[in-house]
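Below is a colleague's note on this structure, set out as numbered points. Please read each point with the sequence and the 3D view at hand.

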Amino acid sequence: MTELALGPATAASRPLSIARWLLAVAALVFCMVVVGGITRLTESGLSITEWKPITGAIPPLTHAQWEDAFRLYQQIPEYQQLRQGMTLSDFQFIFFWEWVHRLLGRLIGVAFAVPLIWFAWRRAIPCGYGWRLVALLALGGLQGAIGWWMVTSGLSVRTDVSHYRLAVHLLTALFIIGGLVWTALDLLALARNPAARPAALRPFALVVLLVLLVQLMFGAFTAGLDAGYVSNTWPLMNDHFVPEGISWLGSLWATLSSDPYLVHFIHRWWAWVAAAMLILLARKAKGAGWRGASIAINAVVGTQIVLGIATVISGIALSLAVLHQAVGALVVAAAAWGAHAVGERRA
């Protein structure tokens, strides 16, 4: 950014307005995560086989255009091996969810870039925050590329996308939510006190976030491998604590990250480690004077555990699975709030 955006704070600086805008963008990213979950659960993600960042915003409008789009889908392994006999109407259903998912991505890009340019032109960005906002914008652009990189993994040989690439795509979206919330909280503090400094990421908070990262990663692996379907019983998995059916896949990492039974097992029980650490973070946030952050963490963690169990027992019911992913995003936002609370530095 130029001095226009990174210059010293002046009377024109508007930290409160910028914070509200960032929280609104975070809400949009949350919506995109939810729609992404629906897209995955309805197996809609490979329905659009081309990446057209601009013209792709307009869906097929005529019968001939729909036939062309369907013809492209019929050329990939998912259709040829799993969906022979699909009707055009069926295709339009899965196309809709992937199109909405991509449209939200475009909307988020506009909702971030246009106000950012306006705030920069008005010299309203406080000193030191311009680079952060530009980094978040760049990360959003990278997320679009990651999404297409994920889709390409399922267009030639596989009948689904790589669960590793799915994990990168989901974790990047959640990192963006966390970054938006953290930056908004810094700006809200600045609005309350012009001498406030950005919060620091304390060692304990970092450990909690890393524990949560592991849980989120295995959640993404569980989704990408359809590992949730290997057991619909809780707390035991098919009458065993350690499930039968785990296969050695050549290396420790390959087995940990790619065997559906083991991935489900880790995601199921690491959740309690993550929950315990988050509750400790909530206590520290309350001790730092942020009771709201503490309540938010405890509420979303408890809700997420109940939803996770209910999702398994239901046999991965669509509504419960989508709610599980949605609340997972809220856990990230609440964890960012809690980590920010314990890292707030008094001026």
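1. Arg-71 is a convenient place to begin: its relative accessible area is 43%, so this residue is partly exposed, where buried stands for under 20% relative accessible area, exposed for over 50% and partly exposed for what lies in between, with a 1.4 Å probe and protein chains only. Its partner Asp-68 is likewise partly exposed, at 41%. The two form a salt bridge in which the closest N and O atoms are 2.6 Å apart, the term being used for a side-chain nitrogen of Lys or Arg within 4 Å of a carboxyl oxygen of Asp or Glu. Because they lie three residues apart in helix α3 (residues 63-73), about one helical turn separates Arg-71 from Asp-68.

2. On the basis of the values, this is a predicted model in which local features need pLDDT of at least 70 and side-chain atom pairs count only at pLDDT 80 or more, while totals for chains, interfaces and linings use all residues. Residues are numbered from 1 along each chain as its sequence is written, and side-chain values use heavy atoms, with hydrogens and water left out. Helices (H or I, at least four residues) and strands (E, at least two) are DSSP runs numbered from the N terminus.

3. On confidence, pLDDT is the predictor's confidence in each residue, from 0 to 100. The protein has a mean pLDDT of 94, with 96% of its residues at 70 or more. Over residues 1-9, however, pLDDT stays under 50, and for this stretch the model has 21 contacts beyond four places in sequence, a contact being heavy atoms within 4.5 Å.

4. Which residues touch the most other members of the largest nonpolar core? They are Trp-21, Leu-22, Phe-91, Phe-112, Leu-180 and Leu-278, in a core of 96 residues, where a nonpolar core is a set of buried Ala, Val, Leu, Ile, Met, Phe, Trp, Tyr and Cys residues joined through side-chain atoms within 4.5 Å. Helix α7 (residues 163-192) gives the most to this core, with 15 residues. Once neighbours within four places in sequence are set aside, Leu-180 is in contact with Leu-22, Val-25, Ala-26, Val-29, Phe-112 and Leu-136. There is also a second, separate core of seven residues, among them Ile-38, Leu-41, Ile-316 and Val-322. As a general background, nonpolar side chains in soluble globular proteins tend to be buried together.

5. Helix α11 (residues 291-313) invites a check of its length: with 23 residues at 1.5 Å a residue, the helix should span 33 Å, and its end C-alpha atoms are 33 Å apart, which agrees; the expected span is 1.5 Å times one less than the number of residues. The buried residues of α11 include Ala-293, Ile-297, Val-301, Gln-304 and Leu-307, and what covers the buried residues of this helix includes α10 (260-287) and α12 (318-343). After α11 comes Gly-315, which has a positive phi near 80°.

6. The count of salt bridges comes to eight. One of them joins the side chains of Arg-192 and Glu-344, at 3.7 Å from N to O; this pair links distant parts of the chain, with Arg-192 in helix α7 and Glu-344 in the segment after α12, 152 residues apart. Arg-192 counts as exposed because its relative accessibility is 52%, whereas Glu-344, at 16%, is buried. Another salt bridge brings together the side chains of Arg-158 and Asp-160, at 3.0 Å from N to O.

7. Glu-78 lies in helix α4 (residues 77-82) and is buried, with a relative accessible area of 6%. A network of salt bridges links Glu-78 with Glu-43 and Arg-83. Beyond four places in sequence, the residues that Glu-78 touches include Leu-46, Tyr-73, Arg-158 and Thr-159.

8. Is His-163, in helix α7, buried or exposed? At 7% relative accessibility His-163 counts as buried. Its side chain reaches the backbone oxygen of Ser-257 at 3.0 Å and makes a polar contact with the side chain of Ser-258 at 3.3 Å. A polar contact here is a pair of N or O atoms within 3.5 Å; within protein, one must be able to donate a hydrogen and the other to accept it, and residues adjacent in sequence count only if both atoms are side-chain atoms.
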